[in-house]
Each structure stands twice: as C-alpha cells, then as structure tokens.
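Here are my notes for you to read alongside the structure. I have kept them as numbered points, so you can follow each one on screen.

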Amino acid sequence: MIWVAQWTCPQNHAAFATAYDDAVRTRAEVDAWGESIFAEVGLRRRCGICDGPVAAEHERSPFPTLEETVAAMVVSQQAQMESRAILDALGQTHDERRRRRIERSN
Ligand SMILES: [Zn+2]
C-alpha cells in the first residue's frame, strides 16, 4: 500500500512530505528519515506560516502507485509554494513577520 507522510502543523500547513510503499519501507523508517531532515536542513519544528508545532502524519494515498502519488504531490507542492509566496508578500506568515521585525530592529 502507498502512503504519504507529511510533517505538518495542526492547521495542516506542510513543511515537507514523502511517499512510500509499506512493502518496501516501514513507518518507523520513514519517521526516522523525517526526523533526520530537521537536523540536516536546519528546519525549525514550528510552522513557518502559523508557528504551530510540526509533527509527522501518515495517510493512505488515494493513488494505487508510488509514481502517481509522487506526481500528485509535485502538483500540490507547486500550488502550496505559490500560496506561500503570496502569504509572505502580504506579510501574513510567521516567518515573514519575524523577518520584518529583525529588519526593522537593524
Ligand atoms: Zn501552520
């Protein structure tokens, strides 16, 4: 079965995600990979939009294959990146408000 794991806040703003086949990788392996990303990339464990806590969620993919799942995730990611850019431009994200506070104090 194909699953989507995403690291998301309570308002469902996703920080990052991956898809996996549970015949190949276990949920624990995927969780461990996700945890390693925070350290490797230097991500905060708080949402950049609302500052809520970020945690892993696993959901069954609506698609039968990994390839179809990843293709849908790429489309969704692009839409989310565009939405995020608009929210940042409007100063409506935690990260952008923080950046502007730092800029004003310098
Ligand atoms: Zn959020």
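1. In which sense do strand 1 and strand 2 pair, and over how many bridges? Strand 1 covers residues 2-8 and strand 2 covers residues 14-21; their pairing is antiparallel, with seven bridges. One bridge to look for is W3, whose partner in strand 2 is Y20. Please keep in mind throughout that this is a predicted model.

2. Now to the turn of that hairpin. Five residues sit between strand 1 and strand 2, and N12 has a positive phi near 70°.

3. Strand 1 has another partner to look at. Strand 3, residues 55-60, runs antiparallel to strand 1, and six bridges join the two. Two pairs will help you find your way: T8 is bridged to A55 in strand 3, and Q6 has E57 as its bridge partner there.

4. Put together, the three strands form an open sheet in the order 2-1-3, with antiparallel pairing. Strand 2 and strand 3 are at the edges with a single partner strand each, so each has one side without a neighbour in the sheet. From one strand to the next, the twist averages 20°. Helix 2, residues 66-89, packs on this sheet and touches strand 1 and strand 2. The direction of helix 2 makes about 170° with that of strand 2. As a general reminder while you look at the two faces, side chains in a regular strand alternate between them.

5. A19 is worth a closer look. This residue belongs to strand 2. Is A19 buried or exposed? A19 counts as buried because 21 other C-beta atoms lie within 10 Å, where the cut-off for burial is 20 or more. Setting aside residues up to four places away in sequence, A19 touches I2, W3, V4, S61, L66, T69, V70 and M73. For a sense of distance, take L90: it is 71 residues from A19 along the chain, and the C-alpha atoms of the two are separated by 32 Å.

6. Which residues make up the largest nonpolar core? There are five of them: W7, A15, C47, I49 and V54. C47 is a good place to start exploring this group. Apart from neighbours within four places in sequence, C47 is in contact with C9, H13, A15, G52, V54 and H94. Both A15 and V54 are thus on the contact list of C47 as well as in the core.

7. Helix 1 runs over residues 27-41, which makes 15 residues. From first C-alpha to last, helix 1 reaches 21 Å, close to the 21 Å expected at 1.5 Å a residue. G42 follows helix 1 and has a positive phi, near 80°.

8. Finally, the overall picture. The protein has three helices and three strands, and along the sequence they come in the pattern β-β-α-β-α-α. The C-alpha trace spans about 50 × 25 × 20 Å along its principal axes. Of the 106 residues, 12% count as buried. Among contacts with a separation of 6 or more, 61% come from residues 24 or more positions apart.

Conventions
Residues are numbered from 1 along each chain as its sequence is written. Helices (H or I, at least four residues) and strands (E, at least two) are DSSP runs, numbered from the N terminus. The expected span of a helix is 1.5 Å times one less than its number of residues. A nonpolar core is a set of buried Ala, Val, Leu, Ile, Met, Phe, Trp, Tyr and Cys residues joined through C-beta atoms within 7 Å. Two residues are in contact if their C-beta atoms, placed from the backbone, lie within 7 Å. Two strands pair if DSSP finds at least two bridges between them. Axes are lines fitted to C-alpha atoms, for helices over the stretch in contact, and angles run from 0 to 180 degrees between N-to-C directions.
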